Amino acid sequence: MFVFLSSLLYLLHSATSEDSWWGTTSIYQVYPLSLQDSDGDGFGDLQGIVARMGYFQELGIETIWLTPIYASPMKDFGYDVSNYLEINPIFGDIEDFKDMLNSAHEFGLKVLMDFVPNHSSSEHDWFKRSVANESPYSDYYVWVDPLGYDGATPIPPTNWLSKVRTSAWEWSEERQQFYYHQYQAAQPDLNYRNSLVVQEMKDILDFWLDLGIDGVRMDAVSHLIEDDKLIDEPPSNNPNAVDELDWQSLDHIYTNNQEETRQILAELTEHVKSKYGDRFVVLETDLDILENMAYYNCGDMPFNFNLARHIKGEVLPENIQIEIQNWLSNMEQFAPSG
């Protein structure tokens, strides 16, 4: 059985984290599908994680982070969620989850869950009802009329691109509008200008935090909000862009890292902290170091992806030191305090 585990040591934390358990904890990423199969069906599962608790403890791991285990058609490794309150049957059921969580806590381990707020699966009931223009789900997603028609073909409202080399707009014959997707067309973006969507996310967080998880890693958070004026994005002139469909070919000033995004994240984080105390909220973005500094004010901390992006081949201590010092230097200058 192939095991995929990557150790992530979160040694970079804000000035307010010294008294928090997550300020110095060691975190191990667990990809449940390939960790351990407990029932012989060829897929790793929650009971397989239970069987490995002693192993984590022996390694000196203090916290495990689970990649998505929600109900999903698995078109994007579980990051396409069709029901945020159900366990994908390939991993088990909610009782298996409770068993895993209790086992982790008995071994003195904390548990983080991946939380995917930017988009759902197109198979989610919300999206199906939104396509049908059914209230109150009509505006759960970002729907826009075509710019016009090229013959009988609807024209997308902007030049915005998805991360998978397509237009970020997908036409719905049923609804006769385009919907926005930062990732696959099967992963429609949720509409965070709709207060009902924000409340849905709070309710989902409550469900899992009430069960006893110790925090969440929020995925792809810099894409939560797009500019509502629907303006074409300018070319980036990035020499690394392969062609005009390459996401790097545009400067994403209207679809990434909007001020409203950080306001929504701050609201979600405040919800967690006010109800559940010192649960950990870590934010994953695809931003550079300087842009990431602002995310210390809307979560406990952002991911430092440079440890993975900039260190290739042999991992040398001096290279790790350079990346950590670079991050710390930017924190001292630019990260909000308090």
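This is a short tour of a predicted model, one selection at a time.

**Stop 1: the main core**

Select Ile-49, Phe-56, Ile-64, Phe-97 and Met-218. They belong to the largest nonpolar core, which has 62 residues, and they touch the most other members. Now colour helix α5, residues 195–211. This helix gives the core its largest share, 7 residues. In soluble globular proteins, nonpolar side chains tend to be buried together.

Zoom in on Ile-64. Which residues does Ile-64 touch, beyond those up to four places away in sequence? Show Tyr-28, Val-30, Ile-49, Met-53 and Phe-56, then add Lys-110, Val-111 and Leu-112.

**Stop 2: a second core**

Next, select Trp-22, Trp-65, Leu-112 and Phe-280. These are among the 14 residues of a second, separate core. Leu-112 was on the contact list of Ile-64 as well.

**Stop 3: α5 against α6**

Go back to α5 and add helix α6, residues 259–276. Their axes come within 11 Å and cross at roughly 35°. The crossing is right-handed.

Show the side chains where the two helices meet. On α5, pick Val-198, Met-201, Lys-202, Leu-205, Asp-206, Leu-209 and Asp-210. On α6, pick Ile-264, Glu-267, Leu-268, His-271, Val-272, Lys-275 and Tyr-276. Colour them by class. You should find 8 nonpolar, 1 polar and 5 charged residues.

**Stop 4: α5 against α3**

Keep α5 and switch to helix α3, residues 94–106. Here the axes are 10 Å apart, and the angle is about 55°. That angle makes α3 oblique to α5. From α3, the contact uses Ile-94, Phe-97, Lys-98 and Leu-101. From α5, it uses Phe-207, Trp-208 and Leu-211. By class, this contact has 6 nonpolar, no polar and 1 charged residues. Phe-97 is also one of the core residues from the opening stop.

Stay on α3 and select Ser-103. Is Ser-103 buried or exposed? Its relative accessible area is 8%, and the cut-off for buried is under 20%, so Ser-103 is buried. Leaving aside neighbours within four places in sequence, Ser-103 is in contact with Val-50 and Met-53. Now draw a line from the C-alpha of Ser-103 to that of Pro-156. The two are 53 residues apart in sequence and 50 Å apart in space.

**Stop 5: three loops with backbone details**

Select Met-74, in the loop between β4 (70–71) and β5 (83–87). Its phi is near 65°, a positive value in a residue other than glycine. Met-74 is partly exposed, at 25% relative accessible area.

Move to Gln-176, in the loop between β10 (169–172) and β11 (177–180). Gln-176 is not glycine either, and its phi is positive, near 60°. Gln-176 counts as partly exposed, with 38% relative accessibility.

Then find Pro-136, in the loop between α4 (125–131) and β7 (143–144). Look at the peptide bond that runs from Ser-135 to Pro-136. What is its form, cis or trans? The bond is cis, with omega near 5°.

**Stop 6: Arg-279**

Finish at Arg-279, in the loop between α6 and β13 (280–283). Show its contacts, leaving aside neighbours within four places in sequence. They are Leu-209, Gly-212, Ile-213, Asp-214, Gly-215, Val-272, Lys-273 and Asp-300. You have seen Leu-209 and Val-272 before, where α5 meets α6. Last, draw a line to Ala-152. Arg-279 and Ala-152 are 127 residues apart in sequence, and their C-alpha atoms are 52 Å apart.

How values were computed:
Residues numbered from 1 in each chain as written. Predicted model: local features only at pLDDT ≥ 70, side-chain atom pairs only at ≥ 80, totals over all residues. Heavy atoms only, no water. Core = buried A, V, L, I, M, F, W, Y, C linked by side-chain atoms within 4.5 Å. Buried < 20%, exposed > 50% of the residue type's maximum accessible area, 1.4 Å probe, protein only. Helix = DSSP H or I, 4+ residues; strand = E, 2+ residues; numbered from the N terminus. Contact = heavy atoms within 4.5 Å. Axes fitted to C-alpha atoms, helices over the stretch in contact; angles between N-to-C directions. Left-handed = near helix turned anticlockwise from the far one by under 90°. Nonpolar A, V, L, I, M, F, W, Y, C, P; charged D, E, K, R; others polar. Parallel < 35°, antiparallel > 145°, perpendicular 65-115°, else oblique.
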